[in-house]
Structure formats: C-alpha cells, structure tokens
Amino acid sequence: MPMPSTFEPRPPFSLRTVLPAVALILALAGCASGPKDNLSLVPAQLDEQTSREGLFTQPVKWSRERPGCRGECPTLTVDSLAFPGHPRLTELVDHALAAMTWVDTQRAAPYDTLDGFEAYYWKTAGARDEVRLTARTRYRNERLTVVELDAGQYRTGMAHGMNGSQLLNWDNASEKALTIDNLLAPGARPAFDAALRAEHARWLDQHADAMDNRDNFDRMWPFTSSDNVGLTDLGVLVKYQPYEIAPYAWGQPELLIPYDRLQGILRPRFLPPKS
C-alpha cells in the first residue's frame, strides 16, 4: 500500500462529528458509583471461557428498502443485539446507534431511536443512499459486557462511504455504562496517553509503508489519544475512526494496551487478578 506523498484531505462527511455526542450519551448512562475497588471485573480466564457466563443476547437483524420504492432505492440494514432481561442496555444500544447516524453538529437529531431514524431516513434519503448499523459483543463475562457499535453510511454522490464506531463498556450488576474516566485511576490520564503512544509507535513499526518515510507520515497522521476504549481479556482496546491517525485505506485502526502495561493506570477492579 503506497503511502500518500501529499496531504490526504478529510471528507466533508464524517461520523467523527457525531461520536462526541454518543460519548455523552454513554457518560450520562453511567452516572452512578461502581462496584467495590477490591472486586476484579476482569477475570483471569480468556474470552471464550468467560463469554459463557456473560449476558444472553438475541439478534436484531433486518434489511429494508424504502417502502413503495421502485428501481434504485435507498437501503437500511440493521445487525444489532438485544439483551433479554436487561432493557436498559438494549435501549442504550438502540439509542446510541441512532445517534451515530446524525452528522449535523449545529442542531439536535430529530429522533432518538432506530425506529425514529428509520422514519426520518425514508423521508430524506437519496436514491443510492445506504446505511448499515451493527452491534456486536467484543468481550463478555458475568460482570462486564463490552459492545462495539458501528455505523456505515453512503450518501448519494459521495466518493466512498464512511464508517464510525463506539465501544460501550457495561457493568452488568449496576447496569451502568463505564466511561474512560470510570476506568482510569485518579490523575492517571497522562500515564494512559503515554502507554497508548508507545503502543501506537509499535503499531507503526509493523507498517512498511509508514516506515518508508516516517517523518512524512507523522506530519500527516500525528498521534492522538482517544476515549474510545473497551476492556478485553488481554488488555484495553482503543479503536480509532477513519482518517483519525491513518489514511482512509487503513480502515479503523485498533491498538491493544496489555494489562501488564496498565498497572497503576487502571483502577484495580479493571485489572485481572494477579496469579
């Protein structure tokens, strides 16, 4: 993959504009105290073991064209999840996915659910518009559920579609979303950013097209921190949006900071128990 020799402009349409609003939704959903500090929410077992004890999920999956449309028609595809017995999480996933479709930062969205978005979309979509909304669990155990939300949109006339994602960390017991401020120890944000920067450097070292002209790459795609984090069995996953730290062709980069590099940075309850 050749590295661009000139600045690659950001597109006029980007889901990055709406993700701060989604982060606010998740923050508002997590305004309660968490579990005791001496209770680890990340067991030592791997995901394939702990997921058996995680929340039960049911698929919410369908694909539709605009009702009554003939010929070239806009489409809407949903591949999401419901959590039986946990309506607050089900509603939060629905609400957050709907919020990720709205890109006008000057005014609030005229809907707050997927049903509301669908009604709005059929009224406003162009003939070739496509929207795909997905939710999947990235990690599960009996105490935590980590959901990745993805929104992909193509608007008629765009050079290419745009995607965005948001990671949702859910405390099963308190039924609250956990933001990065809930996860980090007090005053530990600079240390977290330093650990993420080190992981970013290791990630770039694996890409020959970045290393061929590292100064040029760093000028066009400088490191930036992110609040889009998710707990996993191996460490904290940080996921970026297209164009955020790399060219569009690189997709949505993911960096994983192992737990052994987060000692003293994460609150103790978000670290696996020491063997």
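Which residues touch the most other members of the largest nonpolar core? In this predicted model, they are Phe 192, Val 236, Leu 262 and Leu 266, out of 41 residues in that core. Several elements each supply at least two of its residues: strand 4 (144-154), helix 5 (180-183), helix 6 (189-205), helix 8 (214-220), strand 7 (229-231), strand 8 and strand 9. Helix 6 gives the largest share, with five residues. In soluble globular proteins, nonpolar side chains tend to be buried together.

Now look at Val 236. Set aside its neighbours within four places in sequence. Val 236 is then in contact with Phe 192, Val 229, Gly 230, Leu 231, Leu 255, Leu 256, Ile 257, Tyr 259, Leu 262 and Leu 266. A second core stands separate from the largest one. This second core has 28 residues, including Leu 89, Met 100, Val 147 and Leu 168.

Turn next to helix 4, residues 114-124. Its buried residues are Leu 114, Phe 117, Glu 118, Tyr 121 and Trp 122. Viewed down the helix axis, they fall within an arc of 130°, so they line one face. An α-helix has 3.6 residues a turn, so residues three or four places apart point the same way. The buried residues of helix 4 pack against strand 1 (58-65), strand 2 (75-82), helix 3 (87-99) and strand 3 (130-140). Asp 115 and Lys 123 lie on the other side of helix 4, and they are exposed.

Finish at a loop. Gln 241 sits between strand 8 (235-239) and strand 9 (254-258). Gln 241 is buried, with a relative accessible area of 5%. Its side chain reaches the backbone nitrogen of Ser 165 at 2.8 Å.

Note on methods:
Residues are numbered from 1 along each chain as its sequence is written. This is a predicted model: local features need pLDDT of at least 70, side-chain atom pairs count only at pLDDT 80 or more; totals for chains, interfaces and linings use all residues. Side-chain values use heavy atoms; hydrogens and water are left out. Buried means under 20% relative accessible area, exposed over 50%, partly exposed in between (1.4 Å probe, protein chains only). Helices (H or I, at least four residues) and strands (E, at least two) are DSSP runs, numbered from the N terminus. The arc is that of the directions from the helix axis to the C-beta atoms. Contact means heavy atoms within 4.5 Å. A polar contact is a pair of N or O atoms within 3.5 Å; within protein, one must be able to donate a hydrogen and the other to accept it, and residues adjacent in sequence count only if both atoms are side-chain atoms. A nonpolar core is a set of buried Ala, Val, Leu, Ile, Met, Phe, Trp, Tyr and Cys residues joined through side-chain atoms within 4.5 Å.
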